[in-house]
Amino acid sequence: MSSEQTTTGPEAEPMPASEPVPAAEPVPAAAPSSEASPWAAPPAPPKDRRALRAALRWTAAVAVFAVVGAGVAYGITVPERTDVPGLSTEGDGRWTFPKLSPPALPAGAPLPQGPDNKDGTHYAQLSGLLLPAPQGAKTDEAVKADKDGAVPVDSFLEEYAPEARQKLKTSLEWDGLRQIVGRGWTTADGTRTHVYLLRFHSSGFVDAFKGCDTNAQLSGVSALDLDDVWSKAKNTQMNSTALDFPGAANFDGTDLSVYQEMKPVTGEEQTKVGCLRTGDVLGMVVQTRKGEVAPVPFHQTVILQSQLLS
């Protein structure tokens with residue numbers, strides 16, 4: 001059929017010519033915000049399917065962990081409740097951390113989770129991977145770090161019972177330890193946090209170290225058991241998605257095992273421990289508080305340290 005059609009009937013009176021309508025000026029696209037969410041996964045490079053999958057795993061894991069317990073939000077640095085579904089109540093105990101940013105890599109060095117880094121080696125300065133203290137916290141001198149964050153082996157071993165130190169020291173000397181860095185702080189509620197990063201010659205040595213598991217003989221702690229709040233979150237994740245959480249949570253290549261001092265709490269304080277294994281680095285978060293360690297800031301600290309390592 002022809003695109004031009006004729007009409008029948010009386011000839012229509014011609015319409016007056018309308019004035020030309022000026023073309024709409026193009027609206028410039030909004031500039032990308034420089035304030036990226038501190039817990040959002042970074043955008044994946046083009047054609048990098050592995051990075052995309054890692055980002056999706058991180059987002060899904062955080063979404064599940066964020067609704068466990070009394071409005072707990074994991075991996076969040078700033079307590080903006082209006083931005084987090086389910087966190088409408090005030091005072092849930094989260095700490096406010098500085099905005100996290102990984103240290104620069106040496107020229108040409110791969111990322112620890114990059115496809116060209118099979119062993120997960122961390123090439124960045126190790127002290128730059130330490131989680132900073134939250135706002136309002138005071139330095140805890142019990143972590144005997146120098147100005148560069150380095151911690152002597154004997155000082156690190158003070159976290160353990162005296163009878164366990166020599167065996168662990170021998171293990172570290174023979175099992176490929178390269179460096180230890182650490183940071184400690186105390187918050188207004190009396191919670192003491194010690195964070196350590198141990199760099200080994202390879203990931204195999206990380207797995208061989210026996211100082212961060214249920215059998216760890218920490219100073220003043222009779223025995224450790226699985227963290228019940230963390231375990232509940234992990235089980236929810238396993239039952240609700242296809243993500244694999246066998247025995248310990250896994251965030252973007254970091255295996256997390258979380259323990260608490262067995263109840264009843266020995267003495268007046270409770271201790272909780274987070275163990276992070278990623279490539280050639282073992283991370284260890286130790287929190288102690290009179291009464292009980294609050295689960296929200298403890299889990300928040302563990303997740304944020306894991307994010308920096310990944």
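Q: What makes β7 and β8 count as paired strands, and in which sense do they run?
A: Two strands pair if DSSP finds at least two bridges between them. Strand β7 (residues 269-278) is joined to β8 by 10 bridges, so the pair meets the definition. The two run antiparallel, and T271 stands opposite T288 in β8. In their hairpin, two residues lie between the strands, and G279 has a positive phi near 60°.

Q: How do you know which residues make up a strand or a helix, and where does the model come from?
A: Both elements are DSSP runs numbered from the N terminus: helices are H or I over at least four residues, strands are E over at least two. The model is predicted, with local features needing pLDDT of at least 70 and side-chain atom pairs pLDDT 80 or more, while totals for chains, interfaces and linings use all residues. Residues are numbered from 1 along each chain as its sequence is written, and side-chain values use heavy atoms, leaving out hydrogens and water. Counted this way, the protein chain has six helices and eight strands.

Q: Which other strand pairs with β8?
A: Strand β3 (residues 192-200) does, over eight bridges in the antiparallel sense. T193 has Q287 of β8 as its bridge partner.

Q: What makes β8 a mostly covered strand?
A: A residue is buried under 20% relative accessible area, exposed over 50%, and partly exposed in between (1.4 Å probe, protein chains only). In β8 (residues 281-290), eight of the 10 residues are buried. In the protein chain, 42% of the 310 residues count as buried.

Q: Why is K272 called buried or exposed?
A: K272 sits in strand β7. Its relative accessibility is 3%, which is under the limit for buried, so K272 is called buried. Contact means heavy atoms within 4.5 Å; beyond four places in sequence, the residues K272 touches include D227, Y259, V286 and F298.

Q: What makes V206 of helix α4 buried, and which residues does V206 touch?
A: V206 lies in helix α4 and has a relative accessible area of 1%, so it too falls in the buried class. Leaving aside neighbours within four places, V206 is in contact with F200, R277, G279, D280, V281 and L282. The C-alpha atoms of V206 and T278 are separated by 8.4 Å, although the two are 72 residues apart along the chain.

Q: How do you know that C212 and C275 form a disulfide?
A: A disulfide is a pair of cysteine sulfur atoms within 2.5 Å. Here the S to S distance is 1.9 Å, so C212 and C275 qualify. C212 lies in the loop between α4 (203-208) and β4 (224-226) and C275 in strand β7, so the bond ties together parts 63 residues apart in sequence. The link is left-handed, with -90° about the S-S bond, and both cysteines are buried. A search of the whole structure finds one disulfide.

Q: What makes a space a pocket, and which residues lie nearest the centre of the second largest one?
A: On a 1 Å grid over the protein atoms alone, a pocket is an open set of points with protein on both sides within 12 Å along at least five of seven lines, whereas in a cavity a 1.4 Å probe fits but cannot get out; lining residues have an atom within 4 Å of a point. The second largest pocket is lined by 17 residues, with E159, R192, S219, T271 and T288 nearest its centre. Strand β3 gives the most to this lining, with three residues.
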